[in-house]
Structures are given as C-alpha cells and as structure tokens.
Amino acid sequence: MKGAKGEKRKQELLDIAYQMFIQKGYEETSVDEIIAKAQIAKGTYYYYFPSKEATLEAVIDMMINNEVQRAREILSAPIPVPQKLVGIITSLRPEQNESSIADTLNKKENIIMHEKVSRRIVDEAVPLLAQVVSEGIAQGMFVCDHIEERVRMILIMSQHIFDNGNFTAGDIEVFIDMVEKSLGAQSGTLGFIRGLIG
C-alpha cells in the first residue's frame, strides 16, 4: 500500500474524517463510521492511522498545511506591508467551518496536541512574517532588529489574546500599540486592525 496509491488512499481517508469531524464533531464521530463511509476494511484504516487521535492529528496537520498555503499567497500578493503582516497572521487560523475541530483541540485532554499545533504554526509563520517585516524595513515603514524574535513574540501574543475570542477593546489597543512599537512603526500604521478585530 506504499507509494502513490497508498498516499492517495490515506488522503481520501483524511478527507472523509475531516468532513465528518466538521459535520458531526470529533467526539461524535467513530472510527467505524469513517471506515463505513470510506468502504474499507478496519485493518486498512489502522494501517494508516493507529488511533482516532492520530487521525485528528493528521487532519489538523492538513488544516495547517492549507493555512500555510494561504499565508504564502498573501506574502506574494501585491498589497501594502501592514495588510500583508495582518493577513498572514489571520490566515494561520482555522476556517469558520472548522471551529468544531479547533474546539476539540482546545479541550484540556488535548493540551499536548494543542501545544504541538501552536508551536508548528509559529515555526511556519515566523519566516513568512520576517520577510514581510524586512519588506517594511526596506520601505522605511519599520525600524527594528532581531526580526524573527520580534515576529515570534507578536505571533505568540496574538494567539494568546485573540484565539479564544475573550478579549476587550483595551486588549486590541494595547496589542496594536505594542506591535507598532516592537516594529518601530509610526503610531497609527496598524490602526486598521481595530476594524478587522472589532
């Protein structure tokens, strides 16, 4: 089952699991239901995924790959640097219809997987954001050093403040102020974020 055919089968299984997790929720979807929908033998399923948790992890990896692809498209888009910066950060979040999968990840029992996912998103995003900040420096918009360290901090801060949706107008103001100061941007450069978040 190795090779292109095996990879295709694995991807089909992932797509089925992804759709079922979105429609029914991770907790409510059983391995037997995924197997039935895929019309495969139980052994075939377990050949690719040793457990339902492994399937969830693979589904989340697939989601992150899609998010990173969207971020790369924004990086090469002909838009102003501040919009590029914010666009990349916001693209590295689950889509609206993927909220049930994201909610599963945020449960206490999935804390290790949640940390692993957060780390991977930061690792994928830092080089992309560093490119945008370098572009901003070349245009005289930003003045800063230690670019990768700065964008890593900004990303971690944005994850912790905005990912659970539990933030205030004051949090938004302080976040904008801190990002502008961190990047050496003029006050107001990132003010448009208020409209996006609000």
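In what follows, Ala, Val, Leu, Ile, Met, Phe, Trp, Tyr, Cys and Pro count as nonpolar, Asp, Glu, Lys and Arg as charged, and the others, Gly among them, as polar. The structure described here is a predicted model. This report treats its pockets and then its salt bridges.

**The second largest pocket**

Under that classification, the lining of the second largest pocket divides into twelve nonpolar residues, two polar residues and one charged residue. The volume of this pocket is about 270 Å³. Its lining is made up of 15 residues, and those nearest the centre are Ile-89, Thr-90, Arg-93, Phe-162 and Ile-197. Two or more lining residues are given by each of α5, α8, α9 (169-183) and α10 (193-197). Among these elements, α5 contributes the most, with four residues.

**The largest pocket**

The largest pocket has a volume of about 920 Å³. Of its 32 lining residues, Arg-93, Pro-94, Ala-102, Asn-106 and Asp-163 are the closest to the centre. Helices α4, α5, α6, α7 and α8 (147-162) each give two or more residues to this lining. The largest share, seven residues, comes from α7. By class, the lining comprises 13 nonpolar, eleven polar and eight charged residues.

Arg-93 is named in both descriptions: it is among the residues closest to the centre of the largest pocket, and Arg-93 is also among those nearest the centre of the second largest pocket.

**Salt bridges**

Side chains of opposite charge can pair when their charged atoms come close. In this model the count comes to 14 salt bridges. Three of them are set out below.

| Salt bridge | Closest N to O distance |
|---|---|
| Glu-12 with Lys-8 | 3.3 Å |
| Arg-70 with Glu-95 | 2.8 Å |
| Glu-124 with Arg-120 | 3.2 Å |

The bridge between Glu-12 and Lys-8 lies within helix α1 (residues 3-24), where the two residues are four positions apart, about one turn of the helix. Lys-8 is exposed, with a relative accessible area of 55%; it exceeds the cut-off, since exposed means over 50%. Glu-12, at a relative accessible area of 33%, is partly exposed. The pair also belongs to a network of salt bridges that links Lys-8, Arg-9 and Glu-12.

A similar spacing is found in helix α7 (residues 111-138), where Glu-124 and Arg-120 are four residues apart and thus separated by about one helical turn. Glu-124 has a relative accessibility of 25% and counts as partly exposed. Arg-120, at 21% relative accessibility, is likewise partly exposed, because the buried class is reserved for values under 20%. The helix that holds this pair, α7, is also the element with the largest share of the lining of the largest pocket.

Which parts of the chain does the bridge between Arg-70 and Glu-95 link? In this salt bridge the closest N and O atoms are 2.8 Å apart. The pair joins distant parts of the chain, with Arg-70 in helix α4 (residues 52-75) and Glu-95 in the loop between α5 (81-91) and α6 (99-105), 25 residues apart. Arg-70 is partly exposed, its relative accessible area being 25%. Glu-95 also counts as partly exposed, at 36% relative accessibility. The helices named for this pair, α4, α5 and α6, are among the elements that give two or more residues to the lining of the largest pocket.

Conventions: Residues are numbered from 1 along each chain as its sequence is written. This is a predicted model: local features need pLDDT of at least 70, side-chain atom pairs count only at pLDDT 80 or more; totals for chains, interfaces and linings use all residues. Side-chain values use heavy atoms; hydrogens and water are left out. A salt bridge is a side-chain nitrogen of Lys or Arg within 4 Å of a carboxyl oxygen of Asp or Glu. Buried means under 20% relative accessible area, exposed over 50%, partly exposed in between (1.4 Å probe, protein chains only). On a 1 Å grid over the protein atoms alone, a cavity is a set of points where a 1.4 Å probe fits but cannot get out, and a pocket is an open set with protein on both sides within 12 Å along at least five of seven lines; lining residues have an atom within 4 Å of a point. Grid points are joined across faces, edges and corners, and a volume is the space filled by probe spheres set on the points.
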